[in-house]
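Work through the exercises below with the model open. Each task is followed by a stepwise solution.

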Amino acid sequence: ALDTAPLEGATYREAIRSPRFWWIFSIVPLGAGCMTAMFSTIVPILTDRGLPIGEAIVVIQTFAFTTLFVEPTVGGLADRTSSPKIIAPLFLTAAAGLWLLLHAQSEWSLLLAGTLIGVGAGVEYTVLPFLLSRYFGLKEFGAISGVAYSGTLLFGALAPLFLNGVFDMTGRYDTAIYAIIGVLIYSSAAILTFGPYKFAINRHA
C-alpha cells in the first residue's frame, strides 16, 4: 500500500529564506556550471595551445569517464557520513586539475589534469540533491530542488560565455580558468562550515 505519512522537511518558503540554501546555491550550481563550461571548452583550450585535436579529445574522454566513475562513488561515501565535509578535498582536487591543465608540459600530465577535473565534476553533479534532501528534507523537495537546478542551468549557460568572453578580450583562457579555480577553493572552504545533516536516513527502519 502507498505510504501516505507526511514527509519531514522544510517548506519551499522556509528553504528559500534560509541562508544555508543560498550557501548551497552558491557552492554547487555555480561549481557545476563551471565544470560544464570546462567540459564544453577544454578541447579549444588545448588546441589553442597547439595540442593536436586527437590528443585533446583523449583528455576530454578522460574527464568524462572519471566523472562517470566518481558520481556513484561520491554518492556512496556521502551516504555514510553525517556531514558533507568529506566533499571539501574533492573540490580542491578539481582546482589542482585546472592548475595542472594550465601548466602541463606532457600528454601524461594533461591526462592527469583531465582525471582531477573529472573528480570535481563528478562531485558537483552528484551532491546537489543529496545536500538539499539532508538539510531541507523531502516535504517540498521538488520545488526546492527546482530552484537549485535552475541555478545550475543558469550558471551552465553563463560560464562558457565568461570563458570565451575572456578569451576574446585577452587571447587566452588563463584568467577565466584561474577564476574557476577560485570558485572551487571557495566551495571547499564554504562546505567546511556546514554542520551535521538535519534530515538523515534511519538505517534501522
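A crossing of two helices is left-handed if the near helix is turned anticlockwise from the far one by less than a right angle, and right-handed if clockwise. The model used here is predicted.

**Exercise 1. H2 against H7**

Task: Find how H2 and H7 (residues 174-191) pack, and which hand their crossing has.

Solution.
- Step 1. Take the angle and the distance. H2 and H7 pack at about 150 degrees, and their axes lie 10 Å apart.
- Step 2. Classify the angle. Angles over 145 degrees count as roughly antiparallel, so H2 is roughly antiparallel to H7.
- Step 3. Assign the hand. H2 and H7 cross in the left-handed sense.
- Step 4. List the contacts. On the H2 side they include Trp23, Leu30, Cys34 and Ile45; on the H7 side, Ile177, Val183, Tyr186 and Ile191 are among them.

**Exercise 2. H7 itself**

Task: Compare the reach of H7 with its expected span, then state what covers its buried residues.

Solution.
- Step 1. H7 has 18 residues. From first C-alpha to last it reaches 26 Å, close to the 26 Å expected at 1.5 Å a residue.
- Step 2. Pick out the buried positions. Among them are Ala176, Ile180, Ile181, Leu184, Ser187 and Ser188 in H7.
- Step 3. Name the cover. It includes H2, H4, H5 and H6 (141-170).

**Exercise 3. H5 and its two partners**

Task: Describe the packing of H5 with H2 and with H6, and give the hand of each crossing.

Solution.
- Step 1. Start with H2. H2 and H5 pack at about 155 degrees, with axes 9 Å apart. These two helices are therefore roughly antiparallel, and their crossing is left-handed.
- Step 2. Inspect that contact. H2 contributes residues including Phe21, Pro29, Met35 and Leu46, while H5 contributes residues including Leu110, Glu124, Leu128 and Phe136.
- Step 3. Turn to H6. H5 and H6 pack at about 140 degrees, with axes 10 Å apart. H5 passes H6 in a right-handed crossing. Leu128, Pro129, Leu132, Ser133 and Phe136 of H5 make this contact with Phe141, Ile144, Ser145, Ala148, Tyr149 and Thr152 of H6.

**Exercise 4. The bend in H3**

Task: Locate the bend in H3 and say which helices cover its buried residues.

Solution.
- Step 1. H3 (residues 53-79) has 27 residues. Its reach is 39 Å from first C-alpha to last, close to the 39 Å expected at 1.5 Å a residue.
- Step 2. Find the bend. H3 bends by about 30 degrees at Val70, and Pro72 follows within four residues.
- Step 3. Check burial. Val70 is one of the buried residues of H3, as are Phe63, Val74, Gly75 and Gly76.
- Step 4. Name the cover. It includes H2 (19-48), H4 (88-103) and H5 (107-136).

**Exercise 5. Two buried side chains**

Task: Are Leu46 and Phe130 buried or exposed, and what does each touch beyond four places in sequence?

Solution.
- Step 1. Apply the cut-off: buried means under 20% relative accessible area.
- Step 2. Leu46 belongs to H2. Its relative accessible area is 1%, so Leu46 is buried. Leu46 touches Leu51, Ala56, Val59, Leu101 and Leu110, leaving out residues up to four places away in sequence.
- Step 3. Phe130 belongs to H5. Its relative accessible area is 11%, so Phe130 is buried. With the sequence neighbours up to four places away left out, Phe130 touches Ala78, Asp79 and Tyr197.
- Step 4. Add a distance. Phe130 and Gly75 are 55 residues apart along the chain, and their C-alpha atoms are separated by 8.0 Å.

Methods
Residues are numbered from 1 along each chain as its sequence is written. This is a predicted model: local features need pLDDT of at least 70, side-chain atom pairs count only at pLDDT 80 or more; totals for chains, interfaces and linings use all residues. Side-chain values use heavy atoms; hydrogens and water are left out. The expected span of a helix is 1.5 Å times one less than its number of residues. The bend at a residue is the angle between axes fitted to the seven residues ending there and the seven starting there. Buried means under 20% relative accessible area, exposed over 50%, partly exposed in between (1.4 Å probe, protein chains only). Contact means heavy atoms within 4.5 Å. Axes are lines fitted to C-alpha atoms, for helices over the stretch in contact, and angles run from 0 to 180 degrees between N-to-C directions. Angles under 35 degrees count as roughly parallel, over 145 as roughly antiparallel, 65 to 115 as roughly perpendicular and the rest as oblique.
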